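Please open the structure in your viewer and keep the selection tool at hand for a short tour.

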Amino acid sequence: NCSKQITLNNDKVTSLYVSGSWTLPTDQSWGNSKSITIIVANGATINLAGHTLSSNGNSTLIVMPGGTITGNGNLNFSTTMTNSSYNGGDINVNTFSASAGNLYNYGNMTVNTLNGGGSTFINHNKITVQDNFISYGATIDNACRFECTNAMSAHDIVVGNNSYLHAGSLA
């Protein structure tokens, strides 16, 4: 169990494997010109504790089945168009922001606000947005369940056979 600031070397390709629990003591960012990957293992937890976890550049987040990211904080991704992240566990945070790249969701994601930028959200399980999904450049490929309580805006929305998409309004 860790509740310390973790400094990652942004000049080298690096991976951080979380196998226990990590509670952010303050805002944390990783990535720059090199690829940094954070992996949340089965049974592991990152607790944002009201802080922001941010990536820049070519960084990737992988939440394995049974892994969790929680806490009333924010996940921010400023990634490249070729970058992909994966959620097979549970993400339950205040805001999830992504400026580009792909997010493959095979787990459960619950957020208050989802900011999509130019990202593509490929959903194969459940995404719940309790307030707004904001992005005029994002693409949603929904193959399961995507719910947004209030306004949803996206560039493209693809709803697969036998899948469900609900929004308070589409913009």
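The tour goes from the whole chain to a few strands and then to a single residue.

This is a predicted model, in which local features need pLDDT of at least 70 and side-chain atom pairs count only at pLDDT 80 or more, while totals for chains, interfaces and linings use all residues. Residues are numbered from 1 along each chain as its sequence is written, and side-chain values use heavy atoms, with hydrogens and water left out.

Begin with the whole protein, which has 0 helices and 19 strands (DSSP runs numbered from the N terminus, helices being H or I of at least four residues and strands E of at least two). Of its 171 residues, 44% are buried (under 20% relative accessible area with a 1.4 Å probe, counting protein chains only; exposed is over 50%, and partly exposed lies in between).

Next, select strand β12, residues 102–105, where Leu 103 and Asn 105 point to one face and are buried, while Asn 102 and Tyr 104 point to the other and are not. In a regular strand the side chains alternate between the two faces of the sheet.

Now add strand β10 (residues 84–87), which runs parallel to β12 and is joined to it by 4 bridges (two strands pair if DSSP finds at least two bridges between them); Tyr 86 has Tyr 104 as its bridge partner in β12. Strand β14 (residues 120–123) also runs parallel to β12, with 4 bridges between them, and there Thr 120 is the bridge partner of Asn 102.

Finally, select Thr 37 in strand β4, residues 36–40, which counts as buried because its relative accessibility is 16%. Leaving aside neighbours within four places in sequence, Thr 37 is in contact with Thr 14, Ser 15, Leu 16, Thr 60 and Ile 62 (contact meaning heavy atoms within 4.5 Å).
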